[in-house]
Amino acid sequence: MLRQQLTRWFRAHGRDLPWRRTRDPYAIMVSEFMLQQTQVVTVLDFYARWLLRFPDFQTLAAASEANVLHVWQGLGYYSRARNLHRAAQHVMERHGGTLPDDLAAIAALPGVGRYTAGAIASFAFDRATPIIDANIARVLARLLDLREPIDTARGSAILWETAAALLPIRGGRLHNSALMELGALVCTPRTPMCPQCPVRAHCRAENPAALPLKKPRRKTIALAEDCAWVMRDRRLLLAQQTGPRWRGLWKLPALMAPARAAKLLLALDYPFTHHRVTLSVFVAAASKKIAPHQRWVAVGAIETIALAAPHKRAILRILATARVAPI
Ligand code: SF4
C-alpha cells in the first residue's frame, strides 16, 4: 500500500531531472558522483557540460587528470572527480567500456560506496536494491519514529534493513526515486509538509521536525593558513598540491616569512571537515628560483587553472579589488 501511494505520488509530482530521463549507466554514474555532496540545482549545469565534454567512459578514461579537474572546477570535493576518472579507466580496462549489470562489479569501482553502487544499480538497471541517502534516511527515520541516531552503526543498520524491506520485487528505479523525491519535496528537513504527504497514514513520527537524530557534533577547531601573494610581470606564483587534500589542484604558495612582517591583502574563512580555516594572503617578494611544484600563471589565465576553491575565491577577490600595487 505504502509503495503504491508513494509511486503514484511520484508519477504525479516527481521532478523531470535529466538523469531521470536516461538509462545510460555512464550518465547515471556521473550524476551520482556529482550529487554526492552538491545540490540538484548546482549539478544541473555541470552535468550537462560534463556530458558534452566527456560523453562516455572512453572519453573520460582517456582525458588527463588536469583536464578532468578543470572541467569539475566549481563543484568542489575534487576527490569525486578523481574517483570518477579512475572509475572510467577501470570500466575501460576491466569491462571493455560497458558497465556490467552486477552490484558487486559496480561496488568495486573507485569512489563507489554502498549508496552509490545501489543507486547506479537501481537507476541504470532497475535493480531492486536498497539505497540510503540523506533524503531517504530522513523519510525512513520519521516513518519509524526512530529514536536511534542515524549515524551510529545500529541506526544505520535499521535504516538499511527498512529500505530493503520496503523494496518491491521489481521496479527499484521508480521506488527509490520516489522515496528520495519525497524527502526532497515533502518530508523536508525543517518543515515537513505532512498534510500533503502521500504516506502519512503509515508515518509514526510524533515530532517529525526533530528527526532524524544524529550524534552530537564535534567541536569546530580554528586553523590558520597563511599564503603568499607573489607577482612578477602580471603573473602570479601558484603551487600545485601533492598531498591528499587538493591533490593536483593549484593554490597560493605557503608564506615562508613570518606573517607579522608582511602586508595582509585579504583574509577569508572556509570550513574544512570540523575545522574553520582562516586563509590569510600576504604580499611577498619573488625569490630568484621557484620550487618544482610552483609555476607562474598570467593573471588573465587564472580562471583556466584548476584551483582549490577557497584559493580561487581569494585570488579573484584580490584581483577584483585591484588593491595590489605589484600587479
Ligand atoms: S507524514 Fe510527515 S514526517 Fe511522515 S513521512 Fe510524511 S512528510 Fe515525513
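## Two domains and a ligand shell

The centres of domain 1 and domain 2, taken over C-alpha atoms, are separated by 35 Å. The contact draws on 6 residues of domain 1 and 10 residues of domain 2. Please keep in mind as you read that this is a predicted model.

Here is the domain layout, with the residues that each part brings to the contact:

| Domain | Residue range | Residues in the contact |
|---|---|---|
| Domain 1 | 2-210 | 6 residues |
| Domain 2 | 221-321 | 10 residues |

How much area is buried between domain 1 and domain 2? The value is about 650 Å², and carbon and sulfur atoms give 48% of that area. On the domain 1 side, the residues that lose the most area to domain 2 are Q73, Y78 and R82; together they make up 65% of what that side buries. If you look for salt bridges between domain 1 and domain 2, the count is 0.

Now to the ligand. Around the ligand sit R142, V186, C187, C194, C197, R200, C203 and P208. Sorted by class, this shell holds 6 nonpolar and 2 charged residues, with no polar ones.

One more residue to find in your viewer is H175, which belongs to helix α11, spanning residues 172-185. Is H175 buried or exposed? H175 counts as buried because its relative accessible area is 1%, against a cut-off of under 20%. Leaving out residues up to four places away in sequence, H175 touches R3, L6 and T7, along with L166, L167 and P168.

Notes:
Residues are numbered from 1 along each chain as its sequence is written. This is a predicted model: local features need pLDDT of at least 70, side-chain atom pairs count only at pLDDT 80 or more; totals for chains, interfaces and linings use all residues. Side-chain values use heavy atoms; hydrogens and water are left out. A residue is near a molecule or strand if one of its heavy atoms lies within 4 Å of it. Ala, Val, Leu, Ile, Met, Phe, Trp, Tyr, Cys and Pro count as nonpolar, Asp, Glu, Lys and Arg as charged, and the others, Gly among them, as polar. Helices (H or I, at least four residues) and strands (E, at least two) are DSSP runs, numbered from the N terminus. Buried means under 20% relative accessible area, exposed over 50%, partly exposed in between (1.4 Å probe, protein chains only). Contact means heavy atoms within 4.5 Å. Domain bounds come from an automatic or database domain assignment. Buried area is the accessible area (1.4 Å probe) that two parts lose on being put together, summed over both. A salt bridge is a side-chain nitrogen of Lys or Arg within 4 Å of a carboxyl oxygen of Asp or Glu.
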